[in-house]
Amino acid sequence: MGNSTSVQSVDRAIAILEILARDGATRVTDLAAELDVHKSTAFRLLAALEQGGLVEQTGDRGRYRLGFGVVRLAGAATAQLDLSRESRPVCLRLAEEIGETVNIAVGRGGDAVNVSQVRGPAAISGHNWVGQRTPAHATSSGKVLLAHGVLQLGPELERYTPHTITAAEGLRLGEIRERGWAATVEELEVGLNAVAAPIRGADGSVVAAVSASGPSYRLTPDRLAEVGAALVAGAREISQRIGYYG
């Protein structure tokens, strides 16, 4: 019964947002009438939405309109769509230049999640990383997101290979920030190396990482700095394409 009531409240809250989007500033009595609920119920729902910044009262007492919280949420969704679209041509070029698979990853729930992938001409694996969560401490993109505060380390760092770094100080996040790129050497999978650089949003904060990954016999440790420099340049271009001009 409690779950049913909660779902009904969510449905009504969504209906309120849709009504305000359609009609603009609206009186509580009109909202209650359209939802077929008591005025006190409409007030309660509006109070919850107002606390979240999704609605706000107008100067005309008893009238509500959409709040700037809706703009913030819409902006976040648009930014992610823009990131995938605007990064694509840069990733295609990087994959060709580096010869390895290039991914875009964002931080979600403590992990790095790949949202876009371009396979390089020398790629030998058909593995699709898009949509997959990968552990931050064992991936180059994850290390970039950790270094810039997008993700936080958990209490325990799981070991995936004999080379996985399981001590926070071993990640050297400060060095990653200063150098501008991060690398992993067989830390997630034996035989797989990767390099990543940070992508910045319009406000200058890091919002994603672009990485290149390949077999350790080809993406060797002595290539990491060269690939890192290419990814830093590519990340800068992607950042500019999504609005960063710092």
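## Exercises on a six-stranded sheet and helix α5

In this predicted model, an open sheet of six strands follows the order β6-β5-β4-β9-β8-β7 with antiparallel pairing. Residues are numbered from 1 along each chain as its sequence is written. Because the model is predicted, local features need pLDDT of at least 70, side-chain atom pairs count only at pLDDT 80 or more, and totals for chains, interfaces and linings use all residues, while side-chain values use heavy atoms, without hydrogens and water.

**Exercise 1.** Determine which strands stand at the edges of the sheet.

*Solution.* Begin with the terms: strands are DSSP runs of E with at least two residues, helices runs of H or I with at least four, numbered from the N terminus, and two strands pair if DSSP finds at least two bridges between them. Next, β6 (133–135) and β7 (182–185) each have a single partner strand, so one side of each lacks a neighbour in the sheet.

**Exercise 2.** Describe how β4 is joined to β9.

*Solution.* Strand β4 (residues 101–108) runs antiparallel to β9 (residues 206–215), and five bridges join them. Then locate T101, which stands opposite S213 in β9.

**Exercise 3.** Establish how far helix α5 is covered and what borders its start and end.

*Solution.* First, eight of the eight residues of α5 (residues 140–147) are buried, where buried means under 20% relative accessible area with a 1.4 Å probe, protein chains only. Second, these buried residues, among them K143 and L145, pack against β4, β5 (111–118), α6 (173–179), β7, β8 and β9, contact meaning heavy atoms within 4.5 Å. Third, at the start of α5 a side-chain oxygen of T139 comes to within 3.1 Å of the backbone nitrogen of G142. Finally, G149 follows α5 and has a positive phi, near 75°.

Technical notes
Buried means under 20% relative accessible area, exposed over 50%, partly exposed in between (1.4 Å probe, protein chains only). A polar contact is a pair of N or O atoms within 3.5 Å; within protein, one must be able to donate a hydrogen and the other to accept it, and residues adjacent in sequence count only if both atoms are side-chain atoms.
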